[in-house]
Amino acid sequence: MADKPTKGLADVVAASTALSDIDGQAGRLFYRGYDIHDLAGRTTFEETAHLLQCGTLPTREQLAAYGAELVQGRTLGALVEANVAEVAAKQAPMEALRTLVSLAGADDPDKDSNAPEANRRKAARLTAQQPLLVARYHAARTGTRIPEPDPALSVAANFLLQITGRAADTRAVEIFDACLVLHADHTMNASTFAARVCAATLSDMHSAVVAAIGTLKGPLHGGANEQVMRTLEALDPSGVAQAVRDRLAAGEKIMGFGHRVYKTEDPRATHLRKMSQELAEASGDDTYYRMSKEMEEVVFETKGLYPNVDFYAATVYHYLGIPTDLFTPVFSVSRMSGWTAHVIEQHADNRLIRPDSEYIGERDQKWKPIGER
């Protein structure tokens with residue numbers, strides 16, 4: 001008799017990968033063998049994207065070449081340019097990104113090739129264009145114009161400039177850059193798995209990324225950081241502990257806590273907590289950070305749950321001046337580096353992903369003409 005299926009494919013190994021690994025018991029995350037604690041705050045997002053997409057931390061020369069590719073890729077194609085305003089007027093952020101990335105596929109000069117070098121070039125362009133798509137969407141819906149990308153600035157610095165309309169200070173850029181590194185990849189999460197399933201049919205990279213974005217849009221995967229911020233905004237700062245206890249007693253879920261894989265603190269949350277505190281103190285109003293700390297203590301005391309990556313990411317993005325409904329799109333800015341790396345890896349050693357299923361419906365039904373049903 002066949003084994004019973006595992007609901008949600010929990011603990012089922014669906015693919016082999018050299019990109020990232022998790023030790024859930026120890027609370028550790030690795031990109032190509034490098035501990036995230038060694039990378040965050042010390043390795044730039046551009047270096048991390050090169051590591052994931054090209055296989056190595058770059059030399060100075062390789063980083064310069066990759067950076068030049070990103071600069072060249074920060075140009076939207078004619079189809080995207082022609083439609084971004086209408087898309088922004090009619091679609092919410094993640095819906096808009098799903099549409100705009102699909103349109104970008106039609107504009108890409110390598111759109112008809114899945115060859116390794118074509119995939120690598122597309123990966124760099126998508127990584128360069130995603131922050132620009134988010135910024136252009138936001139500008140279109142608010143009726144504003146954004147500064148043109150500055151070729152001298154990093155992905156992090158350009159994004160903060162275009163979203164807020166002003167150059168961010170050095171430390172803010174460093175913190176946001178570290179956020180991008182922390183979110184770059186995370187093994188076989190739902191959106192990455194969706195991208196690999198799509199790529200495994202030998203569909204193109206843009207189609208696979210659209211599948212990933214559509215998956216990230218779902219509130220059980222993306223959106224938790226936005227919901228954390230909405231919760232903080234709705235709470236009375238003087239009554240956080242009691243409000244959280246009341247919600248938990250009523251069976252409500254507090255977003256930003258617990259993880260499918262980590263049995264201890266999410267290593268990314270360790271960094272984000274510190275960054276949230278630093279930004280809160282620099283802002284002169286640490287209310288949301290203090291509320292977050294209180295929520296964390298009550299949830300752990302009551303449920304034994306640790307914060308995950310989404311919990312403190314919410315206040316970090318808030319203090320950086322990023323609009324709350326763009327928190328999940330910002331996740332996609334970072335994760336684009338990982339999604340595209342997984343597509344490259346899938347195409348390099350491909351087999352169609354086709355799991356089995358357990359049938360639980362009726363059997364031996366007898367057909368009747370429509371008049372007798």
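Here is a short chat about a cavity, a helix and a small sheet in this predicted model.

User: What makes the space lined by R74, A128 and P131, among others, a cavity?

Analyst: A cavity is a set of points where a 1.4 Å probe fits but cannot get out. The structure holds 1 of these at 30 Å³ or more, and its volume comes to about 70 Å³.

User: Which helix gives the most to the lining of that largest cavity?

Analyst: Helix 7, with 4 residues. Helix 6 (116-142) also supplies at least two.

User: What makes the lining split the way it does between nonpolar, polar and charged?

Analyst: It divides into 6 nonpolar, 2 polar and 1 charged. Arg counts as charged, so R74 in the lining falls in that class; Pro counts as nonpolar, which places P131 and P149 of the lining there.

User: How do you know that the length of helix 5 agrees with its residue count?

Analyst: Helix 5 (residues 93-107) has 15 residues, so at 1.5 Å a residue it should span 21 Å; the end C-alpha atoms are 21 Å apart, which agrees.

User: Why are residues such as L97 and L100 in helix 5 called buried?

Analyst: Buried means under 20% relative accessible area, so L97 and L100, listed as buried, fall under that cut-off. The buried residues of helix 5 pack against helix 4 (78-90), helix 6, helix 10 (205-216) and helix 16 (327-348).

User: How do you know that strand 2 and strand 3 pair?

Analyst: Pairing needs at least two bridges, and strand 2 (residues 28-31) and strand 3 have 2, in the antiparallel sense. F30, for one, has D35 as its bridge partner.

User: Why is strand 1 called an edge strand?

Analyst: In the open sheet, the order is 1-2-3. Strand 1 (20-23) pairs on one side only, as does strand 3 (34-35), so each is an edge strand.

Terms used
Residues are numbered from 1 along each chain as its sequence is written. This is a predicted model: local features need pLDDT of at least 70, side-chain atom pairs count only at pLDDT 80 or more; totals for chains, interfaces and linings use all residues. Side-chain values use heavy atoms; hydrogens and water are left out. On a 1 Å grid over the protein atoms alone, a cavity is a set of points where a 1.4 Å probe fits but cannot get out, and a pocket is an open set with protein on both sides within 12 Å along at least five of seven lines; lining residues have an atom within 4 Å of a point. Grid points are joined across faces, edges and corners, and a volume is the space filled by probe spheres set on the points. The expected span of a helix is 1.5 Å times one less than its number of residues. Buried means under 20% relative accessible area, exposed over 50%, partly exposed in between (1.4 Å probe, protein chains only). Contact means heavy atoms within 4.5 Å.
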